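Visitor: I am new to this structure and should be grateful for a close look at a single part of it. Please take the aromatic cluster as the subject, and then show what lies around it and elsewhere along the chain.

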Amino acid sequence: MGFYPSSLLLKYALAMFFMGVVSAQLSTNFYSSSCPKLLPTVRSAVQSAISKETRMGASLLRLHFHDCFVNGCDGSILLDDTSSFTGEKRAAPNFRSARGYEVVGNIKSAVEKVCPGVVSCADILAISARDSVNILGGPTWGVKLGRRDSRTASQAAANNSIPPPTSSLSALISSFSAAGLSAKDMVVLSGSHTIGQARCTSFRARIYNETNNLDASFATQRRSNCPRATGSGDDNLAPLDVQSPTSFNNDYYKNLINQKGLLHSDQQLFNGGSADSTVRQYSSNPRQFSADFAAAMIKMGDNKPLTGSSGEIRKNCRRPN
């Protein structure tokens with residue numbers, strides 16, 4: 001071994017350190033060399049899924065949300081239960097509600113054909129969410145990539161981390177804060193409810209028990225497909241955005257101002273509290289909503305990703321390697 005002056009050793013050590021830091025960061029061009037066909041491959045598969053069922057766009061977006069809120073964006077929501085852990089699929093916020101797992105599997109298979117063993121399931125969720133929003137008329141953004149997949153999942157963490165539809169404004173702010181997101185981020189990301197459907201069990205208590213901040217005709221309309229009795233019509237669906245449920249736009253905020261938020265947690269954003277002014281802003285400024293939504297999605301995607309040598313690149317999104 002040769003002799004190196006201490007100053008050179010220090011420079012070498014610092015260079016290695018900073019290379020390690022850089023390699024552990026997400027970037028929009030992470031797969032540009034290792035999987036150049038990744039983005040068009042994912043978009044084509046997402047487009048195909050949405051063409052078959054428009055609601056799938058909202059479902060794919062939701063999977064990314066529910067993944068990132070539980071121990072970071074690591075693909076844990078996709079794991080089936082194993083002998084060593086109980087996963088997140090049967091957690092209260094996901095059971096009989098989160099969907100699209102088979103579509104993610106199809107996307108993963110398509111990606112594996114063009115670059116096997118390279119792209120994580122967590123990154124596929126992030127890209128699929130962006131493409132879903134854009135295909136349904138919303139903004140696009142540069143998805144930062146380089147996440148790796150977790151080898152485990154936690155039903156308890158999912159139950160504790162994902163805000164339920166009964167949440168108050170303060171509880172919503174707290175839940176999003178735990179994921180590294182501000183109160184403004186919470187309001188703009190809630191705008192994802194401009195697409196998709198909710199089950200009767202999620203809004204029954206609101207349409208039968210709440211009188212304040214609830215449009216009477218809207219409540220009557222929703223009751224027609226959601227019986228009061230628990231166990232009757234629990235899985236019946238209603239659009240989260242009564243105006244344009246399959247178009248990604250700012251109608252969600254207009255509905256809140258008109259007291260037509262479907263979920264209790266939705267209407268909490270416009271209920272005489274600190275979020276009212278942001279809701280008003282987005283209701284009248286669709287461009288601002290689109291820009292802020294894209295920025296907040298990038299920020300959410302930065303939540304505690306596994307990078308570098310942590311985690312793995314799953315071959316099958318439903319089970320660890």
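Guide: A definition comes first: two rings of Phe, Tyr or Trp, the six-membered ring being used for Trp, form a pair if their centres lie within 6.5 Å. A pair whose planes are over 60 degrees apart counts as edge-to-face. In general, a pair of aromatic rings is described by the distance of the centres and the angle of the planes. The model discussed here is a predicted one.

With that in hand, the cluster can be named. One aromatic cluster is formed by W141, F248, Y252, Y253, Y282, F289 and F293. Across the whole structure, a search finds 10 aromatic pairs. In one of them, W141 and F293 meet edge-to-face, with 6.1 Å from centre to centre and 65° between the planes. This pair links distant parts of the chain, for W141 stands in the loop between α5 (121-135) and α6 (155-161), while F293 belongs to helix α14 (residues 286-301), 152 residues apart. Both W141 and F293 are buried.

A second pair joins Y253 and F289: the ring centres are 5.2 Å apart and the planes stand at 75°, which is over 60 degrees, so the pair is edge-to-face. Here too distant parts of the chain are linked, with Y253 in helix α11 (residues 251-257) and F289 in helix α14, 36 residues apart. Buried means under 20% relative accessible area. Y253 has a relative accessible area of 0% and is therefore buried. F289 has a relative accessibility of 1%, so F289 counts as buried as well.

W141 also leads to a cavity. The structure holds 1 cavity of 30 Å³ or more, and the largest cavity encloses about 70 Å³ of space. Its lining consists of H64, A126, W141, G142, V143, K144, R147, M297, I298 and G301. Helix α14 gives the largest share of this lining, 3 residues. By character, the lining residues of the largest cavity divide into 5 nonpolar, 3 polar and 2 charged.

Helix α5 also holds S128. At 1% relative accessibility, S128 lies under the 20% limit and so counts as buried. Apart from neighbours within four places in sequence, S128 is in contact with V42, V46, L60 and I107.

A ring can also be approached by a charged side chain. K89 lies over the face of Y101, at 4.4 Å from the ring centre.

Two backbone details concern the ends of helices already named. Q259, in the loop between α11 and α12 (264-267), has a phi near 65°, a positive value in a residue other than glycine. Q259 has a relative accessibility of 32%, between the limits of 20% and 50%, and therefore counts as partly exposed. K304, in the segment after α14, likewise is not a glycine and has a positive phi of about 45°.

Finally, E53 is found in the loop between α2 (38-52) and α3 (56-68). With a relative accessible area of 30%, E53 is partly exposed. E53 and P165 are 112 residues apart along the chain, and their C-alpha atoms are separated by 24 Å.

Key:
Residues numbered from 1 in each chain as written. Predicted model: local features only at pLDDT ≥ 70, side-chain atom pairs only at ≥ 80, totals over all residues. Heavy atoms only, no water. Helix = DSSP H or I, 4+ residues; strand = E, 2+ residues; numbered from the N terminus. Buried < 20%, exposed > 50% of the residue type's maximum accessible area, 1.4 Å probe, protein only. Phe/Tyr/Trp six-rings, centres within 6.5 Å; stacked < 30°, edge-to-face > 60°. Lys NZ or Arg CZ within 6 Å of the ring centre and 35° of its normal. Contact = heavy atoms within 4.5 Å. 1 Å grid on protein atoms, 1.4 Å probe; cavity = no way out; pocket = protein on both sides within 12 Å on 5 of 7 lines; lining within 4 Å. Points joined across faces, edges and corners; volume = space filled by probe spheres on them. Nonpolar A, V, L, I, M, F, W, Y, C, P; charged D, E, K, R; others polar.
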